[in-house]
Every structure is written in structure tokens, then in C-alpha cells.
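Morning, everyone. Let me put the model on the screen, and then we'll walk through a few of its parts.

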Amino acid sequence: TGTPAEGADTIECQQVLEAAFAADPAAMQHPGLLHLYVPLMDMSPFPERALKVGDALRALVPDAGHLVHMPTHIDVLCGNYQDVVTWNDAGIRADELYWKEAGGLNFYSLYRVHNYHFKLYGAMFLGQFGPAMEAAEGLKRTIPKELLLQKSPPIADWLESYMGIEIHALVRFGKWQMLLDKALPEEKELYCVTTALFYYGKGIAEANLGNIRSAQEMQSLF
């Protein structure tokens with residue numbers, strides 16, 4: 001319906017935040033208020049209302065990669081795909097400073113992954129193969145297998161599905177032979193979603209190359 005769930009406090013939250021922005025100019029320099037407003041409007045029928053807030057937030061705390069990234073939730077819904085690529089790239093650079101200091105075996109890796117994912121998504125809309133694959137390679141480079149093996153909390157349940165995002169880019173740009181040449185993960189149980197994505201991508205590639213029997217085999221494996 002485009003309206004909040006019954007009993008939710010969504011409208012009250014919106015009114016509180018918008019009252020702050022209207023009454024106090026300092027609110028537009030408050031990263032907490034700005035950050036809250038972006039995901040609030042992300043799933044609303046009018047995400048464009050958060051464009052100004054997103055512009056205020058994205059450069060306010062440049063070393064906080066997540067805050068640099070957050071406005072692109074609004075950008076992508078409003079068709080500002082170049083901003084999606086540009087600002088997630090900035091978020092990646094900020095977060096990789098933390099990665100170089102602290103490594104990848106930490107919960108913040110769940111936030112870092114989102115930057116690569118969004119950059120790839122925006123690049124696919126823009127028809128930019130290079131930035132899309134750059135994002136996919138960056139993700140794989142900075143997410144160690146040891147992180148996925150952690151059982152408490154079960155990181156793989158949240159994170160492993162991102163590890164095969166390059167498949168989406170290879171399909172989007174028609175890189176059929178690259179898809180067929182890609183080796184499947186050796187640990188298919190750990191990389192279960194990634195493995196399924198590979199079968200999907202290889203099936204699409206085989207179909208486009210006219211190899212129908214092989215495409216059907218990949219469909220069955222998927």
C-alpha cells in the first residue's frame with residue numbers, strides 16, 4: 001500500500017526528524033539525524049525527499065565509509081547511478097583504510113561488503129564493466145574465508161551470498177566465455193549461494209552460445 005505497517009512508529013519518526021530539519025539548521029550537520037532519515041525514506045513511496053539529506057551526509061564524516069555509502073540508497077532509487085558508483089567508491093576507500101589496519105576478521109566486514117555490492121549495482125545500470133568488476137574483485141580480496149567459517153555469529157549466513165556478485169556483472173555484459181572459463185568454488189557447501197550463481201551464469205552463457213544441452217545441464221545443477 002505504500003504505508004507503514006499497522007502499529008509501526010514510522011510516521012512519528014518521520015515527523016520528529018523533519019521537524020528537526022525544519023526548525024534547527026544545525027540538524028543538517030548532525031550525522032546521526034541525517035543517517036536515520038536515509039533508511040527511513042529508503043522504503044517509502046517518496047525516497048526523493050531524502051536527496052538533500054543524503055547530500056549533506058555523504059561528505060560530513062569522510063572517514064566513516066558506511067555514512068559515505070548510505071545516501072546511495074536514495075541515489076539508486078532516484079536514478080542517480082553515477083553517484084552510486086562514485087560515492088560507494090569513496091566509501092570503499094575509507095573502509096579499506098580500516099581493513100588495512102584491522103583486517104577482515106570482524107563484524108564490520110558486513111558493512112564493507114555493502115559498498116562493493118552497491119558500486120557493482122550502479123555500474124551495471126551505467127553500462128560500466130570495468131568499475132563493476134573492480135567492485136567484485138575488491139570484495140573477494142578483502143573478505144577472507146576464515147571470516148565465513150565463523151560460527152558465532154554465523155557470518156556465512158549473511159555474507160556468503162555476496163561472494164558471487166561478479167556473476168551478475170558477467171551476465172549483464174554478455175561475457176559468455178569468461179563465465180564458462182570461471183572455476184566453481186572448491187568448497188561448495190561453504191560457498192553454496194556462490195556455487196548456485198555460477199551454475200546460473202554458466203547456464204545463461206551456454207544458452208546464448210547455442211549449447212542447449214549444456215545449458216539444460218547447468219539448469220539442472222542450479
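Which residue follows H6, and what is the sign of its phi? It is Gly-103, and its phi is positive, near 80°. Keep in mind throughout that this is a predicted model.

Let's stay with H6. The helix covers residues 81–102, which is 22 residues. At 1.5 Å a residue, it should span 32 Å. The C-alpha atoms at its ends are 31 Å apart, so the expected and modelled spans agree.

Now, which residues of H6 are buried? Toward the start of the list we have Val-84, Val-85 and Asn-88. Then come Ala-90, Gly-91, Ile-92 and Ala-94. Asp-95, Glu-96 and Trp-99 complete the set. And what covers them? The cover includes four helices: H4 at 65–69, H5 at 72–77, H7 at 109–126 and H8 at 129–142.

Take H8 from that cover. Its axis lies 12 Å from the axis of H6, and the two helices pack at an angle of about 20°. That angle is under 35 degrees, so H6 and H8 count as roughly parallel. Their crossing is left-handed.

Who meets whom there? H6 brings Val-85, Asp-89, Glu-96 and Trp-99. H8 brings Pro-131, Glu-134, Arg-141 and Thr-142. By class, the residues of this contact are three nonpolar, one polar and four charged.

Val-85 leads us on to H7. Tyr-121 is found in that helix. Its C-alpha atom is 8.2 Å from that of Val-85, and the two residues are 36 apart along the chain. Is Tyr-121 buried, exposed or partly exposed? Its relative accessibility is 40%, so Tyr-121 counts as partly exposed. Val-85, by contrast, is on the buried list of H6.

Next, H4. His-66 is found in this helix. At 16% relative accessibility, His-66 falls under the 20% cut-off, and therefore it counts as buried. What does His-66 touch, leaving out residues up to four places away in sequence? The answer is His-35, Asp-95, Tyr-108 and Tyr-111. Asp-95 takes us back to H6, where it is one of the buried residues.

One last stop, in a loop. Pro-153 lies between helix H9, at 145–148, and helix H10, at 155–159. Look at the peptide bond from Ser-152 to Pro-153. It is cis, with omega near -5°.

That's my tour. Over to you for questions.

Note on methods
Residues numbered from 1 in each chain as written. Predicted model: local features only at pLDDT ≥ 70, side-chain atom pairs only at ≥ 80, totals over all residues. Heavy atoms only, no water. Expected span 1.5 Å × (residues − 1). Buried < 20%, exposed > 50% of the residue type's maximum accessible area, 1.4 Å probe, protein only. Contact = heavy atoms within 4.5 Å. Axes fitted to C-alpha atoms, helices over the stretch in contact; angles between N-to-C directions. Parallel < 35°, antiparallel > 145°, perpendicular 65-115°, else oblique. Left-handed = near helix turned anticlockwise from the far one by under 90°. Nonpolar A, V, L, I, M, F, W, Y, C, P; charged D, E, K, R; others polar.
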